[in-house]
Amino acid sequence: MDDVKKGVANVARSIAKGSGTLIKTTKLTLDLSGEESKLKTLYTEIGKKVHEIYSYGGSLGEYFDQRYQDILEHQRKINELREALDIAKGVKTCPKCGKTSPRASVFCPKCGEGMTDVPEKTAEGTQVTDFAPQEMPPIPPSQVPPKPTTKRCNVCGSSNDPHDRFCLSCGRIL
């Protein structure tokens, strides 16, 4: 019986020691993760500060000058690609909230921001006019999907998407 008691006591000590080790390693892992997160935040803050310095015309030396020029080039390419994508989709993007809407929209359907300042240029730099639709064979009446429901603006009477919060034509709340 004493052997059983000693065995149980040894197992209990082993479990307690293992639990202590588990708790200790878990705490150290959490502390390590916290410190790594703080370091990443500091890197981000330094990067933002460097960007501020350059955006106000400053310089930090040749290495950073070149990296900043690389950033500006990537930003330019991103803007060109976004504009080309919008043109290909036949939409324009609200400069305030980022919502896309048809190119003919005067106001953003999500936030009501005026969309007249959004560039109306193609990738080649020419003014965008109405897109000429390609000739398509007529769809048999049995295959015509039901018309989507629309919201009518109480102010100007134009049709809007049912999920829009603001009129595409006059910018009033729907």
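Here are some short exercises, each with a worked solution, on the predicted model shown above.

**Exercise 1. Get your bearings**

Find out how many helices and strands the protein has, and in what pattern they follow along the sequence.

*Solution.* Start by counting elements: there are two helices and four strands. Next, walk along the sequence, and you will read the pattern α-α-β-β-β-β. Helix α1 covers residues 2-55, and helix α2 covers residues 62-89.

**Exercise 2. Look at the protein as a whole**

Work out what share of the residues is buried and how much area the protein exposes.

*Solution.* Begin with burial: 15% of the 174 residues count as buried. Then turn to the surface, where the protein exposes about 14,200 Å². Carbon and sulfur atoms supply 59% of that area. Finally, consider contacts between residues at least 6 apart in sequence: 23% of these join residues at least 24 apart.

**Exercise 3. Pack two helices**

Decide whether α1 and α2 are roughly parallel or roughly perpendicular, and list the residues that meet.

*Solution.* Two numbers are needed here, because a pair of packed helices is described by the angle between the axes and the distance between them. For α1 and α2, the angle is about 85° and the axes lie 11 Å apart. That makes α1 roughly perpendicular to α2, since angles of 65 to 115 degrees fall in that class. Now look at the residues in contact. From α1 come His51, Tyr54 and Ser55, and these meet Phe64, Asp65 and Tyr68 of α2.

**Exercise 4. Salt bridges along α1**

A search of the whole structure finds six salt bridges. Examine the ones that lysine 27 and lysine 38 form, and say how exposed the residues are.

*Solution.* Take lysine 27 to begin with. Its partner is aspartate 31, and the closest N and O atoms are 3.0 Å apart. Both residues sit in α1 with a spacing of four residues, about one turn of the helix. Aspartate 31 has 40% relative accessibility, so it counts as partly exposed.

Move on to lysine 38, which pairs with glutamate 35 at 3.6 Å between the closest N and O atoms. This pair is also in α1, three residues apart, again about one turn of the helix. Lysine 38 is exposed because its relative accessibility is 53%, and the cut-off for exposed is over 50%. Glutamate 35, at 49%, is partly exposed.

**Exercise 5. A network in α2**

Find which residues are joined with arginine 76 into one salt-bridge network.

*Solution.* First, inspect arginine 76 and glutamate 80, whose side chains meet in a salt bridge with an N to O distance of 2.3 Å. They are four residues apart in α2, about one turn of the helix. Arginine 76 is partly exposed, with a relative accessible area of 37%. Glutamate 80 is partly exposed as well, with a value of 45%. Then follow the shared partners: salt bridges link Glu73, Arg76 and Glu80 into one network.

**Exercise 6. A nonpolar patch**

Identify the residues that make a nonpolar surface patch of about 430 Å², and place tyrosine 43 in the structure.

*Solution.* The patch is made by Leu39, Leu42, Tyr43 and Ile46. Tyrosine 43 belongs to helix α1. To classify tyrosine 43, check its relative accessibility: the value is 58%, so this residue counts as exposed.

Conventions:
Residues are numbered from 1 along each chain as its sequence is written. This is a predicted model: local features need pLDDT of at least 70, side-chain atom pairs count only at pLDDT 80 or more; totals for chains, interfaces and linings use all residues. Side-chain values use heavy atoms; hydrogens and water are left out. Patches are made of residues with over 30% relative accessible area and no salt bridge: like charges are joined within 9 Å, nonpolar side chains (Val, Leu, Ile, Met, Phe, Trp, Tyr) within 5 Å. Accessible areas come from the Shrake-Rupley method with a 1.4 Å probe; for residues, only the protein chains shown count as cover. A salt bridge is a side-chain nitrogen of Lys or Arg within 4 Å of a carboxyl oxygen of Asp or Glu. Buried means under 20% relative accessible area, exposed over 50%, partly exposed in between (1.4 Å probe, protein chains only). Contact means heavy atoms within 4.5 Å. Axes are lines fitted to C-alpha atoms, for helices over the stretch in contact, and angles run from 0 to 180 degrees between N-to-C directions. Angles under 35 degrees count as roughly parallel, over 145 as roughly antiparallel, 65 to 115 as roughly perpendicular and the rest as oblique.
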